[in-house]
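Hi,

Here is the structure I said I would pass on to you. Have a look at it first, and then read on for my notes.

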Amino acid sequence: MGFSTKAIHAGIEPDPTTGSLMTPIHLTSTYAQEDLGRNKGYEYSRVSNPTRTVLEKNIAALENGKEGLAFGSGMAAETAIFQLLKSGDHCVVSQNVYGGTYRLAKLVLADFGLQFDFIDTTDLAAVKSALKPNTRMVFIETPTNPTMEITDLRAVARLAQSRKIISVVDNTFATPYLQNPLDFGIDIVLHSATKYLNGHSDMLGGLVVLNDAKLTERLRFIQKSTGGILSPFEAWMCLRGIKTLAVRMARHDSNATEVAAFLNTQRKVKKVNYPGLVGHPQHRLAKKQMRGFGGMISFDLGSLDKAKKFLKSVRLCALAESLGGVESLISHPATMTHASVPPEERLRIGVTDGLVRISVGIEDLEDIIDDLKQALSKI
Ligand SMILES: *Cc1c(COP(=O)(O)O)cnc(C)c1O
């Protein structure tokens with residue numbers, strides 16, 4: 001089955017009791033049991049819910065994995081994944097991960113005895129030398145937020161397998177339409193479904209897909225014990241969004257390709273980070289492991305003052321955190337998504353004060369470029 005067909009049909013059956021073509025929203029906390037120890041597979045909605053189950057099957061199919069789990073947000077999913085570790089365990093994390101991942105690791109989980117090192121995972125030798133006897137997990141984001149660096153999925157998966165370390169990939173930016181980390185031997189793939197999967201900026205959710213039965217069993221146990229589940233309504237919203245993932249991503253990708261090319265010709269733009277540009281340091285690797293380059297671009301305007309002026313001048317692009325919706329959004333990583341990363345750490349990972357990030361939407365390309373043009377003319 002092709003990707004678009006799977007997005008629309010995988011895991012989705014007409015409701016057996018009514019024929020309802022669309023998945024019903026099962027707003028129930030509990031389920032009538034037929035007899036002691038006999039039920040229809042559902043007991044309590046923190047453990048499982050039929051609407052959530054459909055979404056979990058659907059995302060598992062899209063990521064070419066066996067099992068899917070749906071959480072209340074991307075961060076709830078990440079929290080559960082890190083809870084696979086125990087106090088005293090060490091985890092290697094890509095150095096420019098999503099700001100919230102950094103905050104969760106450094107400012108919450110470190111207090112529970114988990115150790116984290118933020119490493120340039122585009123450099124396999126650096127990953128290797130960061131491994132310690134107590135390293136139990138490598139957590140990769142590729143492309144990274146916001147500098148769009150690419151990590152070699154196969155190389156990291158091999159390294160992790162050889163040391164019996166759990167490998168995790170945050171696949172939010174690429175989506176399963178462009179990249180399937182499990183195909184390269186990665187153990188766990190994670191999404192903030194809030195972004196491209198839902199695609200309409202109107203819900204929050206987190207999705208996880210795995211193949212390994214033991215890891216799945218443990219993660220389900222953590223999910224039901226800690227309770228960070230996705231609600232039936234949000235599961236339904238996400239299912240609805242995923243049906244158009246393929247057409248949306250194709251358009252995000254083609255619009256972003258053109259926007260990146262445009263920005264690259266502008267004198268006022270010092271640097272453009274987009275893996276689809278031949279000048280991108282990992283362009284060839286991106287071509288090898290992705291089926292396109294996605295809708296996210298960051299670019300440097302040289303100073304905070306210029307970035308501020310630019311952001312104040314855009315009209316079509318909304319100034320907002322988040323990404324992956326049909327509308328173009330623009331943001332300033334240093335003061336928005338990466339505000340909790342200390343300034344010297346921000347500079348080390350390339351999040352300069354002049355850096356602007358754009359989530360290219362699926363509006364008409366000319367309108368997006370016209371907006372960027374007029375905003376650039378103001379600085
Ligand atoms: C948004 C985001 C998250 C967190 O997801 P929420 O749904 O906001 O909790 C994690 N990783 C990446 C790459 C993101 O963009």
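Before the details, one cut-off: a residue counts as buried under 20% relative accessible area, as exposed over 50%, and as partly exposed in between. Please also keep in mind that this is a predicted model.

Let me start with the salt bridges, nine by count. As you know, side chains of opposite charge can pair when their charged atoms come close. Arg52, Glu56, Glu67 and Arg220 are linked in a network of such bridges. Within helix 2, the side chains of Arg52 and Glu56 meet with N to O at 3.5 Å. These two sit four residues apart, about one turn of the helix, and both are buried.

Glu56 also meets the side chain of Arg220 in a salt bridge, at 3.8 Å from N to O. That pair links distant parts of the chain, with Arg220 in helix 8 (residues 213-226) and Glu56 in helix 2, 164 residues apart. Why are the two ends classed in different ways, Arg220 as partly exposed and Glu56 as buried? Arg220 has a relative accessibility of 29%, so it counts as partly exposed. Glu56 has 7%, and therefore counts as buried.

Another salt bridge joins Arg251 and Asp364, whose closest N and O atoms are 3.8 Å apart. Arg251 is in helix 10 (residues 245-264) and Asp364 is in the loop between strand 12 (355-359) and helix 14 (365-376), so the pair ties together parts that are 113 residues apart in sequence. Arg251 is partly exposed because its relative accessibility is 32%, and Asp364 is partly exposed too because its relative accessible area is 44%.

Next, the pockets. The largest one has a volume of about 570 Å³. It is lined by 20 residues, and those closest to its centre are Asp15, Pro16, His26, Tyr42 and Pro50. By class, the lining is made up of nine nonpolar, seven polar and four charged residues.

Finally, the surface. Ile25, Leu27 and Phe233 make a nonpolar patch of about 300 Å². Of these, Ile25 belongs to the loop between helix 1 (3-9) and helix 2 (50-62), and with a relative accessibility of 31% Ile25 counts as partly exposed.

I hope this helps you find your way around. Do write back if you would like to talk any of it through.

Best wishes

Technical notes
Residues numbered from 1 in each chain as written. Predicted model: local features only at pLDDT ≥ 70, side-chain atom pairs only at ≥ 80, totals over all residues. Heavy atoms only, no water. 1 Å grid on protein atoms, 1.4 Å probe; cavity = no way out; pocket = protein on both sides within 12 Å on 5 of 7 lines; lining within 4 Å. Points joined across faces, edges and corners; volume = space filled by probe spheres on them. Nonpolar A, V, L, I, M, F, W, Y, C, P; charged D, E, K, R; others polar. Patch = residues over 30% accessible without salt bridge, like charges linked within 9 Å, V, L, I, M, F, W, Y side chains within 5 Å. Areas by Shrake-Rupley, 256 points an atom, 1.4 Å probe, with all protein chains shown as cover. Salt bridge = Lys/Arg side-chain N within 4 Å of Asp/Glu carboxyl O. Buried < 20%, exposed > 50% of the residue type's maximum accessible area, 1.4 Å probe, protein only.
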